[in-house]
Every structure is written in C-alpha cells, then in structure tokens.
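Colleague: I would like to go through this model with you. I will ask how each label is earned.

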Amino acid sequence: MSDSPAAGPPTLRAVRVAGTGSYLPEKVLTNHDLERMVETSDEWIATRTGIRERRVAAEGELTSHMAAKAAEKALEQAGLAPEDVQLIIVGTITPDTITPATACYVQQHLGATRSVAFDVSAACSGFLYALELARHSIATGAFQNALIIGAEKLSAFVNWTDRNTCVLFGDGAGAAVLLPSENGHGKVLSSHLGTDGAQAELLNIPGGGAACPITIDNVDQKLATLAMQGREVFKHAVNAMRRAAEVAIEKAGLTTDDINLVIPHQANLRIIDAIAERLGVGKDRVFVNLDKYGNTSAAAVAIALDEANRSGRLHSGDHLLLVAFGAGLTWASAVIEW
Ligand code: COA
C-alpha cells in the first residue's frame, strides 16, 4: 500500500492581478467630428450614451500592436519579463487575421517566445472570459503566470455611414498579468460567466465569415460591419449585468456594501447608471471613462481597470467588481480583492 495521500480534488491556488497596462491610439475622433460624417449631433450622442470622443487607430496600427503596447506596461508593473510569460490570452472580436490568433502576433511583438497563446471571442466580455480561463490555469498549477489582454480595432469593422452604430465604438487595448497569490492578500475571489446564443442576432458582424462571404455582388452592403438592435441589446445588458454582478458578489461571500469600486463595461452611461441604481451603488463607487473612449468592446474593462489602478483609486484590500456584457450574448463578472 502506498503512503501517498488518496487522490482527491486538486488544491486550487489563489490568483492575483500583479500588473495592469493600457494603450489608446493617438487620434481622437470627437462627436463634433462625427457631425460632419453622419446626421447626428454632439448633444444626441452625449445625452443618449455619455460618449464625447473616442480613439481611432492609425491605418497600419492593428489590434495586436495595441495589445502588445498595453501588455508591455502590465508586464513592467508586474516585474515579469516577456520571455518568462507562460500563457497569453487575447479577448478580441477584431483580430488582425482570421487565423492565426491575434495572441500569436502579440507573442511575436513581445518576444514572449516560451508562451502558449490563443484568442477568446466573447465580444465585450472577452477580457473577463480570459481572466476566468487564465485564473483557473494558474490555480490548478498548469501555468505559473498569464498575460490577459482585451484589444480591439473596432474602427475597421464599423459602418461609418450608419449613425446607429458608428458613434458608439472606439479602439484601444488593456492588459493584466496574473500570478499566484503568495501572501493571501490580493486575489480573485469569485467570477461568473454566461452565454445566450439564442440572442446572437441582436448584435453581430453578419458578413465576412463562412456563412456570408463578402463577394463582388454584396460588397456595397457593408456586411462585414457591426449590426445591432440597440434597444433590445440595452435591455438585455442591464438585466444580465445586474444578475452577473449579484452572483459574483454572493459567491465571494460579500454584499454590495463591501464593494469599493465597480468597473463596468463601458458601452453606455445610461446602462451603467441603471445597473448601479439596481445594485444600490452610488456613482462615487462606479468607474466611468466611456466619455473619452466610447465602447472598446473587450478592451473596455481592461482599460478601465488600468486607469483605476494607475490613478490611485485602488487600495490594498479593496473589493472590486468587474462586470461586462456583449455580443453572443455573453456576460461575465468577477470580484477581486486588490
Ligand atoms: N444621432 C442622432 N439620432 C440617432 C442616432 C445618432 N447617432 N442614432 C440613432 N438615432 C435616432 C434613431 O434613428 C431613432 O430615430 P427615430 O425615432 O426617428 O427612429 C432615435 O434616434 C431613437 O433611437 P433609439 O434606438 O430608440 O435610441 P436609444 O435611446 O435606444 O439609443 C443606443 C440608441 C444605441 C445608444 C442605445 O439603444 C444603446 O446604447 N443600446 C445598447 C448598445 C450597446 O451597449 N451595445 C454594445 C453592447 S456591448
């Protein structure tokens, strides 16, 4: 008979966020600029969405370039050399190419030669889906660290003649480094993911895939751009994010009062306000930067986390609630003890 303990469920290690980074392209596109492109107004966009301006990547500047720039900052803050990175997961719906994954290009840009790299496609929930996958990969001991990134070049997939969508989106990237939590302080406490594929039609890019290739006959229809049923998406977003937030808070053994800062997906200020109100969280505990960047999909929560971190809003022991919602439909939440 062996002396070794009976095989039981593996002991899971706690995992912490050890560094964050973000990158926004230089070019600013204001609501006033958009007034000259489509029939809209600064007043309509600002009151209906809260967005005042967004960033647009330069022509040759790709999702992987922005992702790598955000990643470099996160790695530097975490004190992790690129060659020591073991896992790279990029959340994106605007990959440089259909294949290989944008994460492969990011690996190349960083010189993270010893890492495994792949993408997750979960739209605006992509960064939190990546967080969940990476957290468990480290918790089980399969990997010792992970670089998670949300990055988008949405400007390449927006129909710039459609005022219903073109005013909403922007480009950018955010990143975080995950490490095992050594001293008990600073760890991801809980998370929750969800998907409702029955609502896939509400928000999608209908063309450009195998279902609807772009051909000479349909090229004028701009099918490889974002299409959205805004009002329906709005309702689902409020309900799903509220529920996701409540589940993650409960799983963490906390109540809403214990949350020091909510970092929500940055799509629409009215959605954020509605969730905060339903959760009973005052505006002083909600991080908002969509006025500057618009909706950067998978990058939004990652950029917001980095801005909150670098602006000194996060203190050791604080409880953060991250919550996102996007095409799929997908939703995700996490509670982090900073
Ligand atoms: N400028 C001026 N008018 C505009 C406009 C624009 N940029 N975009 C739409 N409109 C018009 C519409 O054509 C409509 O006109 P009509 O009443 O004559 O038909 C009117 O404004 C109201 O449109 P509606 O869709 O009801 O507006 P809304 O208050 O629902 O706001 C969104 C539209 C898109 C801002 C809002 O529905 C939204 O934010 N939805 C969720 C989007 C989202 O978060 N997507 C990403 C999820 S991750």
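Colleague: What makes the pair of Asn 268 and an oxygen atom of the ligand a polar contact?

Modeller: This is a predicted model. In it, a polar side-chain atom of Asn 268 sits 2.7 Å from an oxygen atom of the ligand. The cut-off is 3.5 Å between N or O atoms, so the pair counts as a polar contact. The ligand alone exposes 950 Å², and the protein buries 76% of that.

Colleague: Which other residues have polar atoms close enough to count?

Modeller: Arg 231 is one of them: a polar side-chain atom lies 2.5 Å from an oxygen atom of the ligand. Arg 163 uses a polar backbone atom, 3.0 Å from a nitrogen atom of the ligand. Both values are within 3.5 Å, so both pairs count.

Colleague: How do you know that the ligand lies between domain 1 and domain 2?

Modeller: Look at who supplies the shell. Domain 1 (15-184) and domain 2 (187-337) both give residues to it, so the ligand lies between them. Helix H7 (230-251) is among the elements that supply at least two shell residues. H7 gives the largest share, 4 residues. By class, the shell has 11 nonpolar, 8 polar and 5 charged residues.

Colleague: Why is the pair of Glu 232 and Lys 235 called a salt bridge?

Modeller: Side chains of opposite charge can pair when their charged atoms come close. For Glu 232 and Lys 235, the N to O distance is 2.9 Å. The limit is 4 Å, so the pair is a salt bridge. Both residues lie in helix H7, 3 residues apart, about one turn of the helix.

Colleague: Why is Lys 235 called partly exposed?

Modeller: Its relative accessible area is 47%. Exposed needs over 50% and buried needs under 20%, so Lys 235 falls in between. Glu 232, at 31%, is also partly exposed.

Colleague: What makes Asp 306 buried?

Modeller: Its relative accessible area is 3%. That is under 20%, so Asp 306 is buried. Asp 306 forms a salt bridge with Arg 310, with the closest N and O atoms 2.7 Å apart. Arg 310 is partly exposed, at 44%. Both residues lie in helix H10, 4 residues apart.

Colleague: Is Arg 36 buried or exposed?

Modeller: Exposed: its relative accessible area is 65%, which is over 50%. Arg 36 forms a salt bridge with Asp 33, with the closest N and O atoms 2.7 Å apart. Asp 33 is partly exposed at 21%.

Colleague: How many salt bridges are there by this rule?

Modeller: The count comes to 10.

Notes:
Residues numbered from 1 in each chain as written. Predicted model: local features only at pLDDT ≥ 70, side-chain atom pairs only at ≥ 80, totals over all residues. Heavy atoms only, no water. Polar contact = N/O pair within 3.5 Å; in protein donor to acceptor, adjacent residues only side chain to side chain. Areas by Shrake-Rupley, 256 points an atom, 1.4 Å probe, with all protein chains shown as cover. Nonpolar A, V, L, I, M, F, W, Y, C, P; charged D, E, K, R; others polar. Domains from an automatic or database assignment. Salt bridge = Lys/Arg side-chain N within 4 Å of Asp/Glu carboxyl O. Buried < 20%, exposed > 50% of the residue type's maximum accessible area, 1.4 Å probe, protein only.
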